[in-house]
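Work through the three exercises below with the chain on screen. Each task is followed by its solution.

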Amino acid sequence: MERKTEQGNVWALLPIGVFLLIFLGFGCITGDFYSTPAIVGFLIALLVGFLQNRKVDFQKKIKLITDGIADENIVTMCLIFLVAGAFSKAVDMAGGAESAVHLGLSIMPANVAVVGLFVISCFISVSMGTSMGTIAAMAPIATGISTKAGIALPVCVGAVMCGAMFGDNLSMISDTTIAAVRTQGCEMKDKFRENFLIVLPAAIITAVLFFFVSGRGAAPSFDNLDYNLLKVVPYLVVLIGAIIGFNVFLVLLTGILLSLIVGVTTGSIELSAIFQVLGDGVTSMYDITVISLVVAFIVALVRANGGITFILSKIRRRVRGKRGAELGIALLVLLVDCCTANNTVAIVMTGPIAKEISQEYQISPRRSASLLDIFASVGQGLIPYGAQLLSAAALTQLTPFDILPYMFYPVLMAVSALLFILFRKRETDVKISSN
């Protein structure tokens with residue numbers, strides 16, 4: 001099935017081009033980027049993928065896309081979608097979101113509420129190791145703070161998203177970190193130190209920007225800030241579990257159970273309605289789950305027809321010098337992430353070539369691992385069809401394009417990393433791993 005050549009096949013990227021033309025093109029024409037549902041654009045792109053390479057029969061293509069969704073990262077992502085939806089609905093119906101917002105606003109000035117969302121989201125994502133779990137836990141709180149504090153919802157959700165991407169890139173238990181370290185052959189602690197020095201300035205500037213963006217209007221006044229600490233317990237347990245570093249599924253399932261117990265105990269949820277609450281939460285995430293599966297189908301066809309190989313070969317042939325090699329690694333993983341909409345998959349796919357480039361140009365493994373993780377997260381945080389933006393939009397009834405103007409952190413992270421590449425003193429006498 002696979003059409004493997006050294007140069008790859010540019011026409012294999014046609015399905016992705018068709019989707020972008022439909023989804024973004026119609027949005028620009030109509031002024032409404034959701035005039036065509038994303039799933040329709042993806043299904044048309046999938047049809048284009050099936051029509052390509054007619055030397056391969058339909059059944060073999062079905063087998064190919066079936067293998068494509070068997071990836072552990074894709075299955076995990078879809079399960080997180082469903083569990084996150086159940087937690088969000090359960091804690092909301094139990095009154096946890098409202099109580100948590102009221103408690104937070106009672107102890108936190110309104111003009112720093114958004115900065116608080118960003119900082120807390122950073123802390124949770126580093127501890128939990130997943131941007132998706134962080135978004136699930138914090139999106140309802142962002143919605144509540146937006147309503148109560150009179151701050152635009154996209155600003156609040158943008159703060160959560162930026163914090164989620166901070167940990168997705170930096171956490172030692174993140175899939176992206178593990179993939180980057182393993183493919184480049186370096187120690188986790190070394191990659192963390194290298195990565196942290198690059199992203200810290202971006203995080204500080206992001207916090208300052210959110211302070212000014214959220215504080216431009218008149219300070220709102222809050223009335224009826226009653227809260228029930230018992231209803232806040234599910235959130236506290238999820239946050240503490242994230243800090244300790246428990247598995248994201250265990251943390252969210254515990255939050256669901258506690259939310260139902262608190263809801264029934266306080267009378268917010270009828271005992272007979274608990275399964276209905278969970279069902280509503282799960283079904284609210286059906287769209288994003290189906291989209292994720294269809295994207296996996298498209299990526300499988302693009303990869304098999306040589307589309308990813310084409311991108312990799314073009315970048316590799318243009319590498320010149322150590323700075324050029326580092327820029328090549330950055331562009332390599334960024335483009336593949338834009339094609340796959342999955343930063344872990346992008347790192348796994350580009351890791352072996354990045355290692356070859358780093359060995360040839362004497363780039364330390366920890367630096368190449370850091371660049372892979374950073375620029376995969378940059379792409380993932382900015383593509384409107386990525387899982388993170390789609391999930392945040394689904395949980396808050398926004399569109400990805402509402403949130404994108406406030407995705408300060410991924411942009412600043414890219415700027416910081418580029419300055420790091422261009423102006424930091426080159427390493428000398430680097431010992432390159434031969435593994």
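**Exercise 1. State the mean pLDDT of this predicted model, then find where pLDDT falls below 50.**

Step 1. Take the whole chain. Its mean pLDDT is 81. A pLDDT of 70 or more is reached by 87% of its residues.

Step 2. Go to residues 1-5. Here pLDDT is below 50. The model gives this stretch 13 contacts beyond near neighbours in sequence.

Step 3. Go to residues 428-435. Here too pLDDT stays under 50. The model has 14 contacts for them beyond four places in sequence.

Step 4. Decide how to read such stretches. Where pLDDT is low, the predicted coordinates should not be read in detail.

**Exercise 2. Describe residues 260-278 and residues 290-313, both placed by UniProt under "transmembrane region".**

Step 1. Check the record. The UniProt entry is unreviewed, and its spans include 260-278 and 290-313.

Step 2. Describe 260-278. The chain there is 63% helix and 0% strand. Its end C-alpha atoms are 9 Å apart.

Step 3. Describe 290-313. This span is 92% helix and 0% strand. Its end C-alpha atoms lie 31 Å apart.

**Exercise 3. Explain why Cys162 has no bond to the closest cysteine sulfur.**

Step 1. Count disulfides. The structure holds zero.

Step 2. Find the closest cysteine sulfur to that of Cys162. It belongs to Cys122, 8.3 Å away. A disulfide needs the sulfur atoms within 2.5 Å, so this pair is too far apart for a bond.

Step 3. Add the accessibility. Cys162 is buried, at 0% relative accessibility. Cys186 is also buried, with a relative accessible area of 15%.

Methods: Residues are numbered from 1 along each chain as its sequence is written. This is a predicted model: local features need pLDDT of at least 70, side-chain atom pairs count only at pLDDT 80 or more; totals for chains, interfaces and linings use all residues. Side-chain values use heavy atoms; hydrogens and water are left out. UniProt positions are given in the numbering used here, feature names are shortened, and annotations may be inferred rather than shown by experiment. Helices (H or I, at least four residues) and strands (E, at least two) are DSSP runs, numbered from the N terminus. pLDDT is the predictor's confidence in each residue, from 0 to 100. Contact means heavy atoms within 4.5 Å. Buried means under 20% relative accessible area, exposed over 50%, partly exposed in between (1.4 Å probe, protein chains only).
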